[in-house]
Amino acid sequence: MKLTTAVLAAGAAVSLTSAVIGAVRLRQDARHQAERNEAFLTGTQLDWLAQVSTSPDLAKLTAPEDLDVEEYMQLLAANRLICMLSVRDRLGFVRTGHLPWHAAKLMESDACQRYWKRFGGLRAEEAEGDEQAEHFTRVLDQAAKNLPRAQAATD
């Protein structure tokens, strides 16, 4: 192989390596930006839930017509608890296999039960297409369904 061919081949290899590294870096940057966006939106949602679940004036603005404002505030507080568990699960802070236990503990709350009965179907619709959210929703739905059996066993 001539020296010029070897130099050209080495240059092409370096260029290809640089292009691959650049593409990987762009993909990684895009993934990190998506994670930052999700974290920002989650924080905004939790902040909104905290405010609306404690302020009757704010709750009146978004409460469904068929719900009393106080009841709506309690359901939003329950939603906030569920959202916080969802974030912990999404970030990997719920150990493998422990989500059902956390879900069962949440469903011990009367407000969480009422929230899930009213809005669980909506959450399932929102989760469609997101495998992790679908799993989370199924686990909470199962905990809500298991609760009456667990209560009957202790009575």
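**Group meeting talk: a six-helix model**

Okay, let's start with one pair: helix 3 and helix 4 lie roughly antiparallel to each other. Their axes cross at roughly 170° and come within 11 Å, and since anything over 145 degrees counts as roughly antiparallel, that's the label they get. If you want to find them, helix 4 covers residues 99-107. Who's touching whom? On the helix 3 side we have L81, I82, L85, R88 and D89, and across from them L99, H102, A103 and L106 of helix 4. Sort that contact by class and you get 6 nonpolar, 1 polar and 2 charged residues.

Before I go on: this is a predicted model, so please keep that in mind.

Now, helix 3 has another partner. How do helix 3 and helix 5 sit relative to each other, roughly parallel or roughly perpendicular? The answer is roughly perpendicular. Helix 3 runs over residues 69-90 and helix 5 over residues 110-127, and their axes cross at roughly 75°. They come within 9 Å of each other. From helix 3, the residues in this contact are E71, Q74, L75, A78, N79, L81, I82 and C83. Helix 5 brings A111, C112, R114, Y115, W116, F119 and R123. By class, that's 10 nonpolar, 2 polar and 3 charged residues. And have a look at L81 and I82: they touch helix 5, and they're on the list for helix 4 as well.

Let's zoom out. The protein has 6 helices and 0 strands, so if you walk along from the N terminus you just read α-α-α-α-α-α.

What about the overall shape? The C-alpha trace spans about 85 × 40 × 25 Å along its principal axes. A compact globule of 155 residues would have a radius of gyration near 15 Å, but here we get 24 Å. Buried residues account for 27% of the 155. The accessible surface is about 10700 Å², and 58% of that belongs to carbon and sulfur atoms.

One residue to click on is G11, in helix 1, which takes up residues 3-52. Is G11 buried, exposed or partly exposed? It's partly exposed, because its relative accessible area is 34%, and the partly exposed class lies between 20% and 50%. Now pick R114, one of the helix 5 residues from before. G11 and R114 are 103 residues apart along the chain, and their C-alpha atoms are separated by 66 Å.

Last one: of the contacts between residues at least 6 apart in sequence, 58% join residues at least 24 apart. Okay, that's me done!

Note on methods: Residues numbered from 1 in each chain as written. Predicted model: local features only at pLDDT ≥ 70, side-chain atom pairs only at ≥ 80, totals over all residues. Heavy atoms only, no water. Axes fitted to C-alpha atoms, helices over the stretch in contact; angles between N-to-C directions. Helix = DSSP H or I, 4+ residues; strand = E, 2+ residues; numbered from the N terminus. Parallel < 35°, antiparallel > 145°, perpendicular 65-115°, else oblique. Contact = heavy atoms within 4.5 Å. Nonpolar A, V, L, I, M, F, W, Y, C, P; charged D, E, K, R; others polar. Rg over C-alpha atoms; globule rule 2.2 N^0.38 Å. Buried < 20%, exposed > 50% of the residue type's maximum accessible area, 1.4 Å probe, protein only. Areas by Shrake-Rupley, 256 points an atom, 1.4 Å probe, with all protein chains shown as cover.
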